[in-house]
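Student: Hi! I am new to this structure and would love a close look at one part of it.

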Amino acid sequence: MLRIARCCVALFALSACFSLAACSAGAGSGGTAARPASAAHSYPYQLTESEWKTKLTPEQYRILREKGTERAGTGAYAEDHRAGVYSCAGCGQLLFKSEDKFDSGTGWPSYTRPATNRSVATEVDTSYGMRREEVMCSNCGGHLGHVFDDGPAPTGLRYCINSASLSFAAGGP
Ligand SMILES: [Zn+2]
């Protein structure tokens, strides 16, 4: 009789042990952390990659669609001081005006502000070990360049833009 009772206690202890193990295993494997959704912009002007390649020169495609950078001093507009407006080479949206252009000495066309406060979109860019503010066309998302806070008055900003991303049209302000 005593032996049976001991056996029952042992079995009870054994089953309690199993249920405890199962419980802790369940807690350990459950609950996968939710990942944040991609913060990618959605732009009104959309083309397929093959349409972009047809529309743009290889240099424009590399810069606008692949976030490339033209070599300093090689672009068409760094030293251009004519009066006129600069539009997106990808979609034609008005981006900058000559009245906001200044000689930054960097070898890239530089502006204190966009043509309107809706012309461009910006996004933090941490590529190449730097923290920069990328500037894109707000209509097609094409890469234009970067904006820095070391520009002249009146804004103190320097929009450093690739000539290849721009299309110039001469004309009075
Ligand atoms: Zn555009």
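In what order do the three strands of the open sheet lie, and is the pairing parallel or antiparallel?

Tutor: Happy to help! Keep in mind that this is a predicted model. The open sheet has its three strands in the order β2-β1-β9, and they pair in the antiparallel sense. At its edges are β2, residues 94-97, and β9, residues 166-170, each of which pairs on one side only. On average, neighbouring strands of this sheet are turned by 30° against each other, if direction is ignored. In general, the strands of a sheet pair through backbone hydrogen bonds.

Let us look at one of these pairings. Strand β1 covers residues 84-88, and five bridges join β1 to β9 in the antiparallel sense. One place to find on the model is Gly 84, whose bridge partner in β9 is Ala 170.

Now step back to see where the sheet belongs. The protein chain holds three helices and nine strands. Starting at the N terminus, the three helices come before the strands, in the run α-α-α-β-β-β-β-β-β-β-β-β. Of the 173 residues in the protein chain, 27% are buried. Take the contacts between residues at least 6 apart in sequence: 57% of them join residues at least 24 apart.

For a stop outside the sheet, try Gly 156, which sits in the loop between β7 (143-148) and β8 (158-161). Gly 156 counts as exposed because it has 11 C-beta neighbours inside 10 Å. Beyond its neighbours within four places in sequence, Gly 156 is in contact with Asp 149 and Gly 151. Thr 112 is 44 residues away from Gly 156 along the chain, yet their C-alpha atoms are separated by 6.9 Å.

Note on methods
Residues are numbered from 1 along each chain as its sequence is written. This is a predicted model: local features need pLDDT of at least 70, side-chain atom pairs count only at pLDDT 80 or more; totals for chains, interfaces and linings use all residues. Two strands pair if DSSP finds at least two bridges between them. Helices (H or I, at least four residues) and strands (E, at least two) are DSSP runs, numbered from the N terminus. Axes are lines fitted to C-alpha atoms, for helices over the stretch in contact, and angles run from 0 to 180 degrees between N-to-C directions. A residue is buried if 20 or more other C-beta atoms lie within 10 Å of its own, exposed if 12 or fewer, and partly exposed in between; C-beta atoms are placed from the backbone. Two residues are in contact if their C-beta atoms, placed from the backbone, lie within 7 Å.
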